[in-house]
Amino acid sequence: MSFKFAAVRGIPARRLFGGSVLFILAALLLTACLPESEPPVTTVEESRIVMGTLARLQVRGAPREVQAALQEGMDRLARVEADADGEAVRALEAAAGTGAWTEIPASLYRMLTFAQDIARRSDGAFDVTAGTLTALWDDARAAGVPPSDAAVREARSHVGYAHLELREREAGGVHRYEARLMLPGMRIDRGALIKGYALDEIRAQWQEGALGGALADLGASSILGIGRNAEGEPWKVGIRNPRGESSTDMLLVMPLTDEVLSASGDDERYFMYEGKRYHHLIDPHTGYPADTGLASVTVILPLDPPDDPAWAAHMGMLSDMLSTAVFVLGPEKGSQLLDAFPSALAIMIGTDGKVL
Ligand code: ADP
Ligand code: MG
């Protein structure tokens, strides 16, 4: 300690002897007696357009740690946006209908496996193979005109999670992950889980640091809250009124501590045609935007789930998938799906703008 003191001050240790030594010892004692519970804490923040939304990261903690943690969080987001798995998805789609297996990375295999679990539990209301349908409705939204019934039927004929097969195998001492799409023209859409996946990636990175608190907000539809905010309180997230006058019209404010939140609403991406709203959450059974009386669904999950250990480390992806699945299923069937996840908190808002 005295060596450190002398070194910091740049004073050779022998010059410390004499009259000043008592003063220095007293200063050291004083420092030692200061309460240790209040280390310096600072908050840093950065916003950037990622995956088509304004992503905002905030990190609170020791000054030496926060900047690196913020940077690592942004790096993770950039990596998900660069879409390391995109090439594998395209190869899988190119082989659709041929019966051939495509080797895919472990990360994509995990993503598709979890998606298939929610597809089964939701009886296909959530379907990661809905790609031809969602693309059809993306084009319709751009044109401002709904597609013909024939076009919807055609797109729907390439959709069905039961036709996505996954397998793991050992080959030549290497563990391989493979997938195949059994119908020609099938397409994968990860839009309903990729932001949740990005939050899981950020969380894995942030968990390693001893942060006082951190918030990752991906355009308000997927939010991760770790620890507490600068006031020592839970992070706070507004639940938007999907029928409000403006995007700042909030119905509720929810606390978020060591939790992840995802929201799906018919007010995010839609167009009006002949007085009817056509939004981006598609019911794969009908091929049309889900029409179950819901305008938005928010699902909040704890980061450390008591429910099912298989989901640990994937709660972002789970909440993202559940908010979409519950929206498409509607209030009754959606609640039944949520029964399997007792730690999930769901806020459903009807098309009349009222909380159910
Ligand atoms: P946000 O894009 O605001 O995060 P969601 O998480 O609900 O909202 O994802 C919506 C996206 O999911 C759509 O844009 C589309 O790409 C895809 N999608 C739409 N309907 C379904 C569905 N039934 N199952 C799986 N993915 C869907
Ligand atoms: Mg979602």
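Which residues does I188 touch, not counting residues up to four places away in sequence? Let's start there. The list is V89, L92, E93, L112, V128, T129, G131, L164 and L181. Before I go on, one reminder: what you have in front of you is a predicted model.

So, back to I188. You'll find I188 in the loop between β5, residues 174–181, and α8. Even though we're in a loop, I188 is buried, because its relative accessible area is 10% and the cut-off for buried is under 20%. Now try T132. In sequence, T132 and I188 are 56 residues apart, and in space they are 8.1 Å apart, C-alpha to C-alpha.

That brings me to the whole chain. We have ten helices and 14 strands, and the chain runs to 356 residues, of which buried residues make up 47%. Take the contacts between residues at least 6 apart in sequence: 64% of them join residues at least 24 apart.

Okay, ligands. Ligand 2 is a magnesium ion, and its protein donors are D320, through both O and OD, and T324, through OG1. Those donor atoms lie 2.1 to 2.5 Å from the ion. D320 and T324 both belong to helix α9, residues 315–329, and they are four residues apart, about one turn of the helix. In general, an α-helix has 3.6 residues a turn, so residues three or four places apart point the same way. As for accessibility, D320 is buried at 7% relative accessible area, and T324 is buried too, at 11%.

T324 turns up again with ligand 1. There are 19 residues around ligand 1, and the ones that come nearest are D189, S264, E268, R269 and T324. Let me give you some distances you can check on screen. The side chain of K195 has an N or O atom 3.3 Å from an oxygen atom of ligand 1. S221 has a polar side-chain atom 3.3 Å from an oxygen of the ligand. I282 uses its backbone instead: an N or O atom there is 2.8 Å from a nitrogen of ligand 1.

Next, two helices. Helix α3 covers residues 63–82, so please scroll there. From first C-alpha to last, its 20 residues reach 30 Å, close to the 28 Å expected at 1.5 Å a residue. Which residues of α3 are buried? They are V66, A69, L70, G73, M74, R76, L77 and V80. Look down the axis and these buried residues fall within an arc of 155°, so they line one face of the helix. On the other side, R64, R79 and A82 are exposed. And what covers the buried residues? That includes β1 (42–50), β2 (53–61), α8 (194–207) and β6 (213–218). After α3 comes D83, with a positive phi near 60°.

Helix α5, residues 106–121, has 16 residues and reaches 23 Å, where 22 Å would be expected at 1.5 Å a residue. Its buried residues are S107, L108, Y109, M111, L112, F114, A115, Q116, I118 and A119. You've met L112 already, as one of the residues that I188 touches. The cover over the buried residues of α5 includes α4 (86–94), β4 (164–171), β5, α8 and α9. Just after α5, D123 has a positive phi of about 55°.

While we're on positive phi, here are two alanines. A220 has a phi near 70° and is found in the loop between β6 and β7, residues 222–227. A313 has a positive phi of about 75°, although it is not a glycine, and its place is the loop between β13 (294–302) and α9. Are they buried or exposed? Partly exposed: A220 has a relative accessible area of 40%, and A313 comes in at 43%.

One last residue, D266. It's in the loop between β10 (259–265) and β11 (270–273). At 2% relative accessibility, D266 counts as buried. Not counting residues up to four places away in sequence, D266 touches P242, R243, R277, H279, L281, L294, A295, F327 and T351. That's what I have, so over to you.

How values were computed:
Residues numbered from 1 in each chain as written. Chains lettered and ligands numbered in written order. Predicted model: local features only at pLDDT ≥ 70, side-chain atom pairs only at ≥ 80, totals over all residues. Heavy atoms only, no water. Donors = N, O, S within 2.8 Å, 3.2 Å for Na, K, Ca; no water. Buried < 20%, exposed > 50% of the residue type's maximum accessible area, 1.4 Å probe, protein only. Expected span 1.5 Å × (residues − 1). Arc of directions from axis to C-beta. Contact = heavy atoms within 4.5 Å. Near = heavy atom within 4 Å. Polar contact = N/O pair within 3.5 Å; in protein donor to acceptor, adjacent residues only side chain to side chain.
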